[in-house]
Amino acid sequence: MTRKKADDDTIAAVSTAPGRSARAIVRLSGPRAMEIAGTSSSQDLSGAGPYTSRTCRLTLGPVDVPCVLYLMPAPASYTRQNVAEIHTFGSPPLAEAVLERLLELGARPAEPGEFTKRAFLGGRIDLAQAEAVLAVIRSRSAEEERDAQRALAGELSEKVSAACERLERLCVETEASIDFVEDGIEAVGPSDAAARLEKILGELPAGGAADDSPRETGVIAVIAGPPNAGKSTLFNALAGGDRALVSHISGTTRDWLSAEVEIDGVTFVLVDTAGDSPPADELSERIRSAARGQEASAQVSILVVDAAEGPDAAFLTRPRPGAVLVALNKMDIAPGADTDDVSRILPGSPVVPLSALTGGGVDELKKMLSGLVKSGRVPGAAHHAALSLRQKRALDEARRALVRGIESSAQGLDLAASDIRDALTALGSVLGWGATEEILDAVFRDFCIGK
Ligand code: GDP
């Protein structure tokens with residue numbers, strides 16, 4: 001297993017959540033953590049034993065602030081580096097002043113998730129556990145929190161490691177059988193290999209997709225509405241790019257586009273449909289029926305209403321499967337538009353006023369979308385809080401390779417060997433084996449600073 005080496009400078013950050021609290025914690029990690037914490041509090045911390053605490057005063061300009069130092073010398077710490085925490089009163093300006101002082105003394109401001117990244121690089125936790133830290137932070141319900149805590153405690157990692165170990169053994173035996181076939185040595189036979197692969201497949205953690213269908217990989221959220229309401233602009237705002245072609249010419253989205261997006265830990269397959277205009281010719285009739293088909297498979301329908309035009313009751317009240325929410329769009333040019341006008345037509349469905357063009361209100365829509373799933377109001381959308389999109393994809397990849405391996409072993413071990421290796425690579429990546437800097441950046445980017 002390849003692991004990158006942990007960085008060797010000393011980082012610092014406020015690790016308590018922003019805002020007032022009973023106590024604020026400023027955390028240091030790195031080789032100079034003890035020295036910097038010691039200088040800031042005029043203490044000699046060089047001989048600190050494992051997990052010790054000291055009460056002291058920190059001099060910040062003209063004032064002396066009481067605080068408690070918690071010292072965790074390497075390797076018995078979260079990051080496996082020297083870690084020092086300064087606990088003081090929970091005032092945000094005070095915590096910032098303490099941090100400033102540590103930076104003056106030579107610490108570097110930590111990047112998002114950098115403490116957890118160091119815990120991973122130091123071999124303290126694997127990547128599945130690092131992602132579980134984020135899942136714990138983001139959990140919105142007791143159930144999600146429990147799931148995430150179990151992953152953090154290593155439940156997912158243990159299952160995946162056990163599967164990896166069995167695959168590794170099978171890999172070695174398969175390759176030995178291929179290499180020594182002429183000597184009549186068969187460490188494993190094709191049917192035995194297939195049976196072992198099936199057992200591994202059956203015991204993989206649930207939560208990834210069983211096949212390629214979007215329903216399995218994410219909650220299908222279909223953006224629907226009349227032409228020019230701003231569906232493509234909203235699609236782009238939610239997908240975070242210029243994936244959909246946006247135009248002021250009515251009917252530009254002739255087909256449909258889809259993008260997979262993760263919002264607050266929930267994966268959505270976002271679908272931008274063609275506008276709902278009356279058909280003028282055969283092609284537009286076909287496009288319209290394709291759009292209706294997309295709408296019929298929606299688990300969530302995002303109905304876009306042009307605030308400047310007002311709601312269309314016939315469109316809004318059309319029967320739809322799943323949950324419905326309304327985006328009252330173009331509020332930037334129709335600031336007087338009233339959400340009640342929509343609520344009167346569609347009582348009980350949330351209405352979010354926004355401007356897809358300026359981005360105002362789009363975050364509220366995102367919160368509403370993930371909230372619908374997390375509160376169980378979206379039919380068929382099992383939410384696996386503890387699994388990140390990256391992990392689901394890796395598990396899917398492993399499942400596909402295992403299925404291929406089972407099928408190919410019937411034709412000979414030579415063919416199965418590469419599928420077994422593929423399954424092992426995919427499963428290992430759940431734990432962070434061979435994780436590149438890009439993968440780590442993508443994982444830790446979503447963390448907050450100080451974690
Ligand atoms: P679609 O046909 O529903 O996909 O609509 P588009 O996304 O192509 O948008 C139609 C037109 O409305 C384009 O000129 C967009 O720039 C404009 N538009 C979309 N959203 C907004 C908005 O929130 N405010 C304003 N002022 N214009 C918008």
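The following conversation concerns a predicted model of a protein with a bound ligand.

Q: How many aromatic pairs does a search of the whole structure find?
A: The search finds two aromatic pairs. In one of them, the ring centres of Tyr51 and Tyr70 are 6.3 Å apart and the planes lie at 50 degrees, so this pair is tilted.

Q: Where in the chain are Tyr51 and Tyr70?
A: They belong to distant parts of the chain, 19 residues apart. Tyr51 lies in the loop between helix H1 (33–40) and strand S3 (52–60), while Tyr70 lies in strand S4 (residues 63–72).

Q: Tyr51: buried or exposed?
A: Tyr51 has a relative accessible area of 55%, so it is exposed, the cut-off being over 50%.

Q: And Tyr70, buried or exposed?
A: Tyr70 counts as buried because its relative accessibility is 19%, and buried means under 20%.

Q: What is the phi of Tyr51?
A: Phi of Tyr51 is near 45 degrees, which is a positive value in a residue other than glycine.

Q: Which residues form the tilted pair at 5.3 Å centre to centre?
A: That pair consists of Phe444 and Phe447, with 40 degrees between the planes. Phe444 counts as buried at 3% relative accessibility, and Phe447 counts as buried at 5%.

Q: Changing topic, what sits over the ring of Phe115?
A: The charged end of Arg27 does, at 5.2 Å from the centre of the Phe115 ring.

Q: Which peptide bond is cis?
A: The bond from Ala74 to Pro75 is cis, with omega near 5 degrees. Pro75 is in the loop between S4 and strand S5 (83–89).

Q: On to the ligand. How many residues surround it, and which are the closest?
A: The ligand is surrounded by 18 residues, and the closest are Asn228, Lys231, Ser232, Thr233 and Asp332.

Q: Which helix gives the largest share of that shell?
A: Helix H9 (residues 231–239) gives the largest share, with three residues.

Q: What does an oxygen atom of the ligand approach in Ser232, and in Thr233?
A: In Ser232, a polar backbone atom is 2.8 Å from a ligand oxygen. In Thr233, an N or O atom of the side chain is 2.6 Å from an oxygen atom of the ligand. There is also Lys330, where a side-chain N or O atom is 3.2 Å from a ligand oxygen.

Q: How much of the ligand's accessible area does the protein cover?
A: On its own the ligand has 580 Å² of accessible area, and the protein covers 87% of it.

Q: Back to Asn228: where is it found?
A: Asn228 is in the loop between strand S7 (219–224) and H9. Its phi is near 75 degrees, a positive value in a residue other than glycine. With a relative accessible area of 36%, Asn228 is partly exposed.

Q: One more topic: what span should helix H6 have?
A: Helix H6 (residues 155–179) has 25 residues and, at 1.5 Å a residue, should span 36 Å. Its end C-alpha atoms are 36 Å apart, which agrees.

Q: Which residues are buried in H6?
A: The buried residues of H6 are Leu156, Ser157, Val160, Ala163, Cys164, Leu167, Leu170, Cys171, Thr174 and Ser177.

Q: Why would residues three or four places apart point the same way?
A: An α-helix has 3.6 residues a turn, so residues at that spacing point the same way.

Methods
Residues are numbered from 1 along each chain as its sequence is written. This is a predicted model: local features need pLDDT of at least 70, side-chain atom pairs count only at pLDDT 80 or more; totals for chains, interfaces and linings use all residues. Side-chain values use heavy atoms; hydrogens and water are left out. Rings of Phe, Tyr and Trp (its six-membered ring) pair if their centres lie within 6.5 Å; planes under 30 degrees apart count as stacked, over 60 as edge-to-face and the rest as tilted. Helices (H or I, at least four residues) and strands (E, at least two) are DSSP runs, numbered from the N terminus. Buried means under 20% relative accessible area, exposed over 50%, partly exposed in between (1.4 Å probe, protein chains only). A charge sits over a ring if NZ of Lys or CZ of Arg is within 6 Å of the ring centre and within 35 degrees of the ring normal. The expected span of a helix is 1.5 Å times one less than its number of residues. A residue is near a molecule or strand if one of its heavy atoms lies within 4 Å of it. A polar contact is a pair of N or O atoms within 3.5 Å; within protein, one must be able to donate a hydrogen and the other to accept it, and residues adjacent in sequence count only if both atoms are side-chain atoms. Accessible areas come from the Shrake-Rupley method with a 1.4 Å probe; for residues, only the protein chains shown count as cover.
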